[in-house]
Amino acid sequence: LTVTCFSASGWDNQLMWSHYADSYSGICVEYDFEKMDKFIGFMAPVKYSSVRPTISLKDLGLSEFKKDENGKLITEDVDINAIFTALLAKNKCWNYEEEWRIINVEGEPYTPIFIEAPFVKSITLGLGIDDMCKQLLWDVCQERNVECYQLSINSNDYNLTRELLTAEDFVFDKEKEERYIN
């Protein structure tokens, strides 16, 4: 199995910035799933609950431990619904994440399945992102025609805003780059 997680809560969710973007030093990538042109796995919303689902050995196709003549474990039908219920479950205290998951059940064991994501719509840069990373991400956004934003916190309240970056925001500073490299 490969599970990939996404959030529908948006770029302005402060708890997501704190928990998943190195306390505002990371990035938020916005995808446009309407532009998907091929199957990338089963995609479904997470179900938030105070009751934790359990999976039995029978759900996994093991009602008893018997081996065939070659020593291979004999299995029965797997209850995929029970497995997906567990894979799509999370404690209700996390419901602010509005999480969706893509689940892939094919491929080589212990080998991640990398999802091609040509449908990146925008990247929002966190407040504390490193200057060199900011420049590199800007360059990638320009190459791929992806909108690039800078996050900010309003001075009179706690709301987050973002501003679309332009080429004027990126003036090459040779001394600054040399200091960074050194």
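Is Asp 22 buried or exposed? In this predicted model, Asp 22 counts as exposed because its relative accessibility is 60%, which lies over the 50% cut-off for that class. The residue is placed in the loop between helix 1 (14-20) and strand 2 (27-31), and its backbone has a positive phi of about 50° although Asp 22 is not a glycine. Ser 23 lies in the loop between helix 1 and strand 2 as well, and for this residue too a positive phi of about 50° is found although it is not a glycine. Ser 23 has a relative accessible area of 47% and is therefore classed as partly exposed, since that value does not pass the 50% required for an exposed residue.

With regard to confidence, the mean pLDDT of the chain is 88, and 98% of its residues reach 70 or more. Among the elements of the chain, the highest mean pLDDT, 97, belongs to strand 4 (residues 47-49), whereas the lowest, 79, belongs to helix 4 (residues 174-181).

An open sheet is formed by 3 strands in the order 1-6-3, with antiparallel pairing. Strand 1 (2-7) and strand 3 (42-45) each have a single partner strand and stand at the edges, so that one side of each is left without a neighbour in the sheet. From one strand to the next, the twist in this sheet averages 25°. Strand 1 and strand 6 (residues 99-104), which run antiparallel, are joined by 6 bridges, and within this pairing Ser 7 stands opposite Glu 99 of strand 6.

A further set of pairings involves strands 7, 8 and 9. Strand 7 (residues 120-125) and strand 8 (residues 147-153) run parallel and are joined by 4 bridges, with Ser 122 standing opposite Glu 147 in strand 8. Between these two strands the chain passes through helix 3 (residues 131-144), and the resulting β-α-β crossover is right-handed. Strand 8 is also joined to strand 9 (residues 160-164), here by 5 bridges and in an antiparallel arrangement, and the two strands form a hairpin with 6 residues between them. In this hairpin, Leu 160 of strand 9 is the bridge partner of Ile 153, while Leu 164 of strand 9 is the bridge partner of Tyr 149.

Two of these hairpin residues can be described further. Ile 153, which lies in strand 8, has a relative accessible area of 39% and is therefore partly exposed. The C-alpha atoms of Ile 153 and Gln 14 are 10.0 Å apart in space, although the two residues are 139 residues apart in sequence. Tyr 149, for its part, has the charged end of Arg 162 sitting over its ring, 3.8 Å from the ring centre.

A search of the whole structure for aromatic pairs finds 9 of them. In the pair made by Trp 17 and Tyr 24, the ring centres are 6.1 Å apart and the planes stand at 5°, so the pair is stacked, given that planes under 30 degrees apart meet the criterion for stacking. Both Trp 17 and Tyr 24 are buried. Trp 94 and Tyr 96 form another aromatic pair, tilted in this case, with 6.1 Å from centre to centre and 40° between the planes. Trp 94 counts as partly exposed because its relative accessibility is 29%. Elsewhere, Phe 6, Tyr 31, Phe 33 and Phe 119 are linked by ring pairs into a cluster.

How values were computed: Residues numbered from 1 in each chain as written. Predicted model: local features only at pLDDT ≥ 70, side-chain atom pairs only at ≥ 80, totals over all residues. Heavy atoms only, no water. Pairing = 2+ DSSP bridges. Right-handed = clockwise from strand over helix to strand, strands pointing away. pLDDT = per-residue confidence, 0-100. Phe/Tyr/Trp six-rings, centres within 6.5 Å; stacked < 30°, edge-to-face > 60°. Buried < 20%, exposed > 50% of the residue type's maximum accessible area, 1.4 Å probe, protein only. Lys NZ or Arg CZ within 6 Å of the ring centre and 35° of its normal. Axes fitted to C-alpha atoms, helices over the stretch in contact; angles between N-to-C directions.
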